[in-house]
Each structure stands twice: as structure tokens, then as C-alpha cells.
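Hi everyone, thanks for coming. Let me walk you through a structure that is new to most of you, so please have a look at it on the screen.

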Amino acid sequence: MEKIRKIEEEIKRHDKLYWEEQSPEISDAEYDKLVEQLRELDPDNALIHRIPAAAGTIQHEVPMLSLNKCYTQEELMKWAKSVARSDQEEFVFCPKFDGVASEIRPNQLVTRGDGYVGEDITSRNSLIDFELQTQPVERGELVVLKPDLPQLKRPDGRPYKSCRNAAAGILNSLDYQAEGAPIVFMPHSISIGSCTLADLAEIDIETTMLEEQENEYPVDGLVIKLADMEYGESLGTTSHHPRHSIAYKVANPQATSKLLDVTWQVSKTRIAPVALLEPTELDGVTITRATLHNLQQIKRLNVGIGSEVVLERAGSVIPAITAAFTEGEEIKPPRDCPACGAATENDGQDVWCTSQACVGTKAKLLQSSLSRLGIEECGPAVCASLVSLGFDTASKVLRMTVEDWRQVEGYGDRSAAKMFHHVANRKMIPIEDYKVLAALNIEGVGETVARKVCDKMGLVIDKEGLDQVEGVGTV
């Protein structure tokens, strides 16, 4: 049909202008109208289901989502009972390898990336002890084995502190030279045992996990998943994780340190205290900063500058001070905002900036919006630069050109083009209504409330409908 052919040609022309030449002639809305016209005329047209990828990036046909996590046997049993069809439902145990999640394809190697779009690292295959050419599609982890870690050095001669850091560093370093292949591919399909739901409560999970940590490959927990994966996949996914599996992680590792000073950091709604610490090794990482949450937490812990403190990595990621052995010099809230210099106020719990035009607050709000839309590469410094350039809302960032990105502090030609393509990729991936609502940063409306609102009425919101949503009050 002539009309279909003309629309196809028009879409292809605009794809080339957008992706290859970075010179779009029409708006996103106009482009979407073209796609919708094609969808009405030919619902199965291949162009509708094709998402162009930026050079160096690959679209995952099935998203590589994170796993839900638990830290106790009780949490594990609660999850298992929620997915099991009977006491005889079988579960499989797998090591949770600590490396770089990737997908092996015939003649291609792709990282997990943001779960939807990964980076093509096929050119790094010479560093990996794995044959690409004959392999079917398989997901797993690229790891450095423990016995090999002491021999591996960064290009500047410094040692790597952990197997995970080594794997990521080697893959990301274009200058890395090595004899042989220091990285190994460990498939997610590797199993170390199984049991039924009826027997799961009797399994000593922590002992099993400790035994796994004695092996030469690095692990940071166990993955427990349904043996019947056809049934498991039928359970679907959340926006964050599949429902058929869960990761059992070790309890949060701890260490002791000394609080040297406190700096204050602007967040979306408040100014939060950050502890500056004596460098302390914790779980393979040198910790120099940790969160203190707020004034109330400082008072509860009775912590001060000079205190000997207990550090914990919550979820093995975010360092926090959880106790103090000794008292120290009183920690006082700042009188002036560290981001804009305006006066601050506090209520004994939180500290906030009194300026409605605070650059720091706007940058944090922007970072939150972008993160909820799946653009997590813009950290505080980048968002502060975006705000100062006038790109202070997510909608403005989504419309930025390559030339706009070149103006951002720290961005050159290559990084600007890469960021443009990444944002363009994310714009073409469907996003849940509740994430769009949460990205508006309405006070009190995070993802939980936004999900309840959207489950009830989508994004067509009215007062009568809101009155029916659990957890939404008059304010």
C-alpha cells in the first residue's frame, strides 16, 4: 500500500536525522503521530517494534532487571510462600556472582547497562576466558577469580581492592593490557542445589552461603528461584525485579572508624549531614564518608566530631553511622545553605534552605525526576550544571540536543553525543504512568502513592477519584 510505504520512508528518514546526524527536523510529538498512523494502517509493521540504538549500545530484547533482596530466613520464606503453588513447589539455589552482569550472544557481548540498554563490549572479548562464536544467548556475570586478583594491576600500577572492582575496571579501561584472559564468564544458570517449599525453612541458608564464599569465584549472596521457570516467568515483573527470583544477601557488614568532621549536603527537600571519616576498609571498599540522616539521628546516636563510630553498609551499598562508642564535639547545623548561601531553618530534625530559587534544591529535584524516568547518569554536579544552564526540569533535559549537552560542565564531543543517544533511547522505551507522576516531584507523592493513584485512575486525575485512593488524605 502506497500510503504505508511513504510513512515508512518518512520514519526511516527522521530516524537517520535523529540518531546518526543529531539534526531532528520534527518534534517528538510529531514523530509519535507518524508512528501511530503506521500502527493504525499496519499494526504488525516491524518499524513499530524497532527501537534504534546509539552507536555502542544494544537494546535488550528482554530487560535485565535487578533482583529483589532479602536478608533473613523469615523474609525468604515470606517471598517463597507468595510465589509457591503448593508445599511441593521446587526452588533452585544459585551463587550470586559479584561482577559485571552481561549477556553473551553469538559473536557479541553486551553489559546489563540500565537494564534496558546495555553497552556492546565485544571488542573486550580478548580479556574474557569464553568463546563467543558458538554460544547461544546466555546471561551471567563477568568476574575476576579470587586467586587472580593479587596479580592484576590498574594501568597506573595500583592494585584493585576487590574482584568486582577489578572486573569493572578492566572492562572499562581501553588501555588495559594483559597476558591471557583475566575475566571469566559465570552463567546465572549454574545451580548448587534445590529443595521444595516444605523443606526450605529447614535449610541453613547462611551456612550454604558461607560455603559458597570459600570458592574461588566471588559471590555476595545466593539467588533462590523457582525451578519451573515457565511458571516463574508467568508471574511477570515489577518495575524493578522479576517475581520468580530473590537474592539472599549477607547481613550488612560493619567496621569502626573515627568521625573527623561533618559537611552538609543539599537534597530535594532538606540539607543533610554527611560524616567525613578516617579512611576505613569495609567489605572491600575504602569508606571516607557516611550518612548521618538528620539532626534527630545525630542526637539519638549521641555522636560528635571526634567520636569513635560503628559503620555499616546498608544493603552492602550505602555507608551509614549506626552507633557511637565515645562522645565528641557538638555537631551544629549550618546557618547558611551550602549550595546558594541563603539562610537556613530547622525544626530539630531537618534543616532546609529558605530560598525558593536554591540551585542545590533544584538540582536534586531534577536528579530525582531524571532517575525516575530511567536516566540515572546525571549526578549532582551534572544536574547543578544543567540547572545553571536553564535546563532545570526533566522535560527540558529530554529535549536537549548534542550541542546543548556540550555546554554542560565536563562534557566533550564524545560524552555529549553519548548522553544524547542514551536519553533518546530512554525516551523510546515505554515507562509506567506512576513513574511519570512521581517524576513531577509533588510533595508527598513518591512512587508508592503515585502507583496507587495511577492504578485507580491513570494520569487523568480528579478530586473525586483521589478521595478513593488509599493513603491519600485531604492535604
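Before we look at strands, a word on terms: two strands pair if DSSP finds at least two bridges between them. Helices (H or I, at least four residues) and strands (E, at least two) are DSSP runs, numbered from the N terminus.

What you see is a predicted model, where local features need pLDDT of at least 70, side-chain atom pairs count only at pLDDT 80 or more, and totals for chains, interfaces and linings use all residues. Residues are numbered from 1 along each chain as its sequence is written, and side-chain values use heavy atoms, with hydrogens and water left out.

Let's start with confidence. pLDDT is the predictor's confidence in each residue, from 0 to 100. The protein chain has a mean pLDDT of 82, with 87% of its residues at 70 or more. Residues 51–55 fall below 50, though this stretch has 14 contacts in the model beyond near neighbours in sequence; contact means heavy atoms within 4.5 Å. Where pLDDT is low, the predicted coordinates should not be read in detail.

Now to the first sheet on my list. This open sheet has 5 strands in the order β2-β11-β10-β3-β9, and the pairing is mixed. β2 (69–70) and β9 (193–196) are at the edges with a single partner strand each, so one side of each has no neighbour in the sheet. β3, residues 90–97, pairs with β9 in the antiparallel sense over 4 bridges. Within that pair, F93 has G193 of β9 as its bridge partner.

Which helices lie across this sheet? Helix α4 (residues 73–83) lies across β2, β3, β10 and β11, at about 175° to β11. Helix α7 (residues 205–212) lies across β3, β10 and β11, at about 125° to β10. For these angles, axes are lines fitted to C-alpha atoms, for helices over the stretch in contact, and angles run from 0 to 180 degrees between N-to-C directions.

Let me zoom in on Q73, which is found in α4. A polar atom of the Q73 side chain lies 3.2 Å from the backbone oxygen of I203. Beyond its neighbours within four places in sequence, Q73 is in contact with L200, A201, I203, I205 and Y248.

Finally, there is an open sheet of 4 strands, ordered β5-β4-β7-β8, with antiparallel pairing. Its edge strands, β5 (108–111) and β8 (184–187), each pair on one side only. From one strand to the next, the twist averages 40°. β4 and β7 pair over 5 bridges, and S102 stands opposite G140 in β7.

Key
A polar contact is a pair of N or O atoms within 3.5 Å; within protein, one must be able to donate a hydrogen and the other to accept it, and residues adjacent in sequence count only if both atoms are side-chain atoms.
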